[in-house]
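Please open the model in your viewer, show the side chains as sticks, and keep the selection tool at hand. The stops below can be followed in order.

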Amino acid sequence: MKLTTKGRYAVTAMLDLALHGSQGPVSLADISARQEISLSYLEQLFSRLRRQHLVVSVRGPGGGYRLSRPADDVFVAEVVDAVSESLDTTRCGNKGDCQKGEKCLTHHLWSDLSDQIHQFLSEISLGDLMRKREIRQVADRQNRKHSDDDSDAINTQRLIDQATA
């Protein structure tokens, strides 16, 4: 089973939001920079996540997004489902017409696998992921890199300002 980019990016972005949401609304630009996901792609994903009531947008200065409920109450399967990502491992889209209109020999095996994957992801919350030491270490590394990139941008702007003065 291979989850496509849409589902992976949605889960990654939501986990980033959960990790940084305690400091207030999180901008998609910040998520984009930390996770190296296109801003326009994030806008599309968050439009779907907002329609499914997983996130709330906050307008104005300092605006961005926040989770609509606690991270422990947002499950990975919900995020994947919200972006219309299929967890189907059958060739036929679980229609049962995989072999000239009939079920193939292994249809039930692959259908059961899809169900197991969905059940597995339904039992993992963003809060569960946030508590994993390995995830916190990666988030700390990304935060340091993002902070360093911001410092570089500020220093570059100072040089430009000095050169034009």
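In this predicted model, counting rings whose centres lie within 6.5 Å gives 2 aromatic pairs. Begin by selecting Tyr9 and Tyr41, whose ring centres are 5.7 Å apart and whose planes meet at 85°; because planes over 60 degrees apart count as edge-to-face, this pair is edge-to-face. If you then colour by secondary structure, you will find Tyr9 in helix H1, which covers residues 5-20, and Tyr41 in helix H3, which covers residues 39-51, so that the pair links distant parts of the chain, 32 residues apart. Turning on the surface, you can check how far each ring is covered: Tyr9 is partly exposed at 31% relative accessibility, and Tyr41 is likewise partly exposed, with a relative accessible area of 24%.

Next, stay with helix H3 and select Phe46 together with Tyr65. Their ring centres are 4.9 Å apart and their planes lie at 55°, so this pair is classed as tilted. Phe46 belongs to helix H3, whereas Tyr65 sits in strand E2 (residues 64-67), and the pair therefore ties together parts that are 19 residues apart in sequence. Are these two residues, Phe46 and Tyr65, buried or exposed? Both Phe46 and Tyr65 are buried.

For the last stop, move to helix H5, which spans residues 107-122, and select Leu109 there. Adding Trp110 and Leu113 to the selection completes a nonpolar patch on the surface, in which Leu109, Trp110 and Leu113 together have about 270 Å² of accessible area.

Conventions: Residues numbered from 1 in each chain as written. Predicted model: local features only at pLDDT ≥ 70, side-chain atom pairs only at ≥ 80, totals over all residues. Heavy atoms only, no water. Phe/Tyr/Trp six-rings, centres within 6.5 Å; stacked < 30°, edge-to-face > 60°. Helix = DSSP H or I, 4+ residues; strand = E, 2+ residues; numbered from the N terminus. Buried < 20%, exposed > 50% of the residue type's maximum accessible area, 1.4 Å probe, protein only. Patch = residues over 30% accessible without salt bridge, like charges linked within 9 Å, V, L, I, M, F, W, Y side chains within 5 Å. Areas by Shrake-Rupley, 256 points an atom, 1.4 Å probe, with all protein chains shown as cover. Salt bridge = Lys/Arg side-chain N within 4 Å of Asp/Glu carboxyl O.
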